[in-house]
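Me: Could you take a close look at one part of this structure for me, the aromatic rings and how they pair up? I would enjoy a connected walk through it.

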Amino acid sequence: MDNTNKFATAAMILGICSLIFLCTFFLPLPLGALGILFVILSHRRGRSFSTPAVTGLITSLISVICSAMVLIMTFFSGILMLKPENRESLNHLYEQQYGISFDEYLDSLEEQFGSNDFLDYFK
């Protein structure tokens, strides 16, 4: 087995692992990026991609795209919650669902765990 096939196999394994780890927050992006890098390293001029390389490329691309979308949506939803009208809507929905507002919930977390910068960010 030559080095290109080893890179293609590694790309396929990393792509599949990145899909499996989509439920985690930080693993799919680096695993998918490494999978794409290994696909590029496995390619020889004048030859087509092998089946493991194509599998690695497809699975890595899917996981990188999904992971990037989750990160972008998380970032923008955090920014949207800083607006007062969106915060009121969140408090109202949270109160309907759980009986207390989101701000009261954050206050109870602060009492339980003490004040920290993470909780202060949401106030």
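Reply: Happy to. A word on terms first: a residue is called buried when its relative accessible area is under 20%, and exposed when that area is over 50%, with partly exposed in between. Please keep in mind that this is a predicted model.

By that yardstick, Tyr94 and Phe102 are both buried. For Tyr94 the relative accessibility is 18%, which is why this residue counts as buried. Tyr105, in contrast, has a relative accessible area of 31% and is therefore partly exposed.

Now to the rings themselves. Searching the whole structure turns up six aromatic pairs. In one of them, the ring centres of Tyr94 and Phe102 are 5.3 Å apart; their planes meet at 75°, so this pair is edge-to-face. An angle over 60 degrees is what earns that label.

Tyr94 has another partner in Tyr105. Here the centres are 5.6 Å apart and the planes stand at 40°, so the pair is tilted. This pairing links distant parts of the chain, as Tyr94 belongs to helix 4 (residues 84-98) and Tyr105 to helix 5 (residues 102-113), with the two 11 residues apart.

A pair of aromatic rings is described by the distance of the centres and the angle of the planes. Putting the pieces together, one aromatic cluster is formed by Tyr94, Tyr98, Phe102 and Tyr105. Within that group, Tyr94 and Phe102 are buried, while Tyr105 is partly exposed.

Key: Residues numbered from 1 in each chain as written. Predicted model: local features only at pLDDT ≥ 70, side-chain atom pairs only at ≥ 80, totals over all residues. Heavy atoms only, no water. Phe/Tyr/Trp six-rings, centres within 6.5 Å; stacked < 30°, edge-to-face > 60°. Buried < 20%, exposed > 50% of the residue type's maximum accessible area, 1.4 Å probe, protein only. Helix = DSSP H or I, 4+ residues; strand = E, 2+ residues; numbered from the N terminus.
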